[in-house]
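Student: I should like to learn how to read buried residues, pockets, cavities and surface patches. May we look at a structure together?

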Amino acid sequence: MTGTQPADSAETTARPELLRVEGITKAYPGVVANSDVSFTIREGEVHALLGENGAGKSTMVKMIFGLVRPDSGRMTLRGKPYAPAKPAEARRLGVGMVFQHFSLFEALNVAENVALGMENPPPMRELAARIRAVSEEYGLPLDPARMVGDLSAGERQRVEIIRCLLQDPKLLIMDEPTSVLTPQEVEILFKTLRQLSREGTAILYISHKLEEIRSLCDTATILRRGRVVATCTPRDRTAREMAELMVGSSLQPPERSRGEKGPVALGVSDLSVASPIPFGTSLKAVSFTVARGEVLGIAGVAGNGQDELLLALSGELKSDADRVRIDSHAAGHLGPSERRKAGLVAAPEDRYGHAAAPDMSLVENALLSGAVRKGLTRAGFIDWAATKAFAEEIITAYDVRTPGPDVAARALSGGNLQKFLMGRELMQGASVIVINQPTWGVDAAAAAAIRQSILDRAAEGAAVVVISQDLDELLEVADSFAVLNEGRLTRPRSTDGLTMEEIGLMMGGAHGMEVAHHAEA
Amino acid sequence: MDFGGINPVILIAGLMATAVPILLAALGETVVERSGVLNLGVEGMMVIGALGGFVTAVHTGSPALGFLGGAVAGALLSLIFAALTQVFLANQVATGLALTLFGLGVSSLGGQGYNGIKPPHTPGLLPEALAGIPVAGPILFGHDWVVYFSIAMTALVWWVLKATRIGLIIRAVGESHDSAHALGYKVNRIRLLCILFGGAMAGIGGAYVSLARVPQWVDGITAGAGWIALAIVVFASWRPWRVLAGAYFFGGIGALQLNVQVSGGIPLGILGLIALVCGAILAVGLLRRSTPERPQMHPAAVAVLAVPPLVWVVGLAMGVTQIKVPVEYLSMAPFVLTIVVLVIMSSGRGKAATGAPASLGQNFHASR
């Protein structure tokens, strides 16, 4: 490591150009993902590509990485024409990518996963030694022999980063890298990225988290609906200015009116269930209560028991009767339909396949969870008129953009489907509402609307449990806060006066990464 | 050495040959399933291979060319499956079942006129003198080349899957085709090549039935061997050496029950031996399943191991030397015992249970 200071902006512009993107356009049937996009990345620069979901960031980087071909426009890498036909070619030319949804294989070990991402991997033993060496050099310790399925989300990301670093890239593309990390892990990642930047590796950093971009990036290109709307130096702008450039209008933070807490509506005591998911995390003695009018936020890094907690609360995983009580009636032994009848509705995280049947229509999907509480069946027959009315009610109330209620769930964009699914659960008048990742992959305006309706339901007297990996979201909506860590839930505490640092410690710190960086500091 | 009319040396030598068709087909299917494709058409590819091999050998007079013909025939049939599932994204289960029906029908049609013909003999690989060595001779040196080929293929498939880059890519495609695609691997092309390999292996296995085991042509000659091969792949947790163990176990019980039918009853010694082997496997299965929270599996394992010697001792004390069993039960024994043993082998909650390729049976298309 050299002792150079982070480059100032004058020095940045003096650096030679690495990648130039000129007039790139890419259209898919029915949607233009990128329209005339141009920007330049210099060597050693940390360049942010900023935009909402659906703004065209992912399509843009897929073209740089050779997964998708542009319809028109051109790219140059160090002055030479650059048009990779496949990722292998991009890798050979020095472009590496860390994926948003990891491109890893759970049943293979770390070294095998790394080898799969390399063009000419050395023999396994040599590769393992290099993984160790490089991972320690950058403060990201990894054991090459471990199964990826057994690793935490942060450790999995390290596998992807190391895989890129072993190829000695000139440009490293990172697609939403911090969404799965604890605050401490984010700090460590940033240290690594700054170190890489000092050593001359350019980083294309894709995110919609503005504070991160302000602390890390030298330049930002802001995309909206597939077009470049601005290029700026993030340190010179406020987060609010950038947010408004990104969204195109000003944003209203959700309003909360704290009412009186009512009686306890959901009580969970000493709940332990084994995980039915391969490589899942079993719940261990989880206890909490939620009162009417209260929102309990449950944070935690992905894979620490969130899915299992949702299954155990929704009734898909049963337990002893007394472990889960809905309105002080024992409900642990009840299945999902009976729990809905008892007043508990649940919205799982996975939209395609768990929360919704992707190939069925919105009407049919509305029926699947709404039948019990909304009385959509009569004597075993479906009341299609009432079901359709319910679906249309959701579409209107939650501003779901769809040609009509009869289209397949799969045809909706992620954000629109999420709004529909949230509406479906929130509009059933339930006394207990459990939601896992309410705004995952949803644009800022829709996310704000969903959060607002969660707060509205709580104000009307529902007890709400929100499980999320987005800490800002939890702090925005939750009255009390707890963390799931390796299947154990911390004691819920009030969100008043809660700091990020405390949350980080509750989340278990940085999963054994402190050591490496202490040595460095 | 003799146990009530059954010679163990001949039995072991016999099971190695009996197991060859199942072993080859199952090895091929192991590779196919490791790449994430479920091809239920093994029986159809075997029977087409049996016919293709038989016809080629009869017309050329060369058994070696016959096996090649079997491989080509099996691969050609599997190409239909590959085209339907990998190009047109047809459902793999339905396509595989249809392939079996199609293969049985086509082989029956094409085999007309070949009934009653004797194919050229497939000779032993090693000199007679070696095969004449007592005990070791018939077991180690007395076989034709296909038997050695099947063992070599087990080692080869194991080594390729475990240690080579090709094997790693095959496993990666079967584990997560989306990840493999994101890294730039041609998922459907890799799967297509694996399907062709599986077809060729099933074809050679089928050709061994019609050229060496039976050796003549009759309709439906493979008689369900393809289905057993499929079951063995799953219960062997997709591991080549376990596939070999499963195939030999099945072959062994099959050879044994024929001997028993001839000698009129099961000698107590043999019965005790089988019980001991099954008991040991069951005990291992139980021990693997006992966790620190559930140590009670240890006494259960000990109890299971204690049963066979007990039966033996009681039997000896009562002067029983042979147990008469109806022929129907004997014929069914290989199937039942193989399935029971393999279920136990694959039932542990550890890594064996999650050994299934995660993308098994799912078609891949880049747009989803």
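Tutor: Let us begin with a helix of chain B; helices (H or I, at least four residues) and strands (E, at least two) are DSSP runs, numbered from the N terminus. In α12(B), the buried residues are B:A225, B:G226, B:I228, B:A229, B:L230, B:A231, B:I232 and B:V233. Buried means under 20% relative accessible area, exposed over 50%, and partly exposed in between (1.4 Å probe, protein chains only). This is a predicted model, in which local features need pLDDT of at least 70, side-chain atom pairs count only at pLDDT 80 or more, and totals for chains, interfaces and linings use all residues. Residues are numbered from 1 along each chain as its sequence is written, chains are lettered from A and ligands numbered from 1 in the order in which they are written, and side-chain values use heavy atoms, with hydrogens and water left out.

Student: Is α12(B) mostly covered or mostly open?

Tutor: Mostly covered: eight of its 11 residues are buried. Just after α12(B), B:S237 has a positive phi of about 55°.

Student: How does one find empty space, and what is the volume of the second largest pocket?

Tutor: Rolling a probe the size of a water molecule over the atoms shows where empty space is left. On a 1 Å grid over the protein atoms alone, a cavity is a set of points where a 1.4 Å probe fits but cannot get out, and a pocket is an open set with protein on both sides within 12 Å along at least five of seven lines; lining residues have an atom within 4 Å of a point. The second largest pocket has a volume of about 490 Å³, a volume being the space filled by probe spheres set on the points, which are joined across faces, edges and corners. Its 21 lining residues include B:T18, B:I22, B:T222, B:A225 and B:F250, the closest to its centre.

Student: Which helix gives the most to that lining?

Tutor: α13(B), with six residues.

Student: How many cavities of 30 Å³ or more are there?

Tutor: The count comes to two. The largest cavity holds about 90 Å³ of space, and among its 13 lining residues A:R91, A:G96, A:M97, A:G117 and A:C164 are the closest to its centre. β6(A) supplies the largest share of this lining, three residues.

Student: Is B:F102 buried, partly exposed or exposed?

Tutor: B:F102 lies in helix α5 of chain B and counts as partly exposed because its relative accessibility is 43%.
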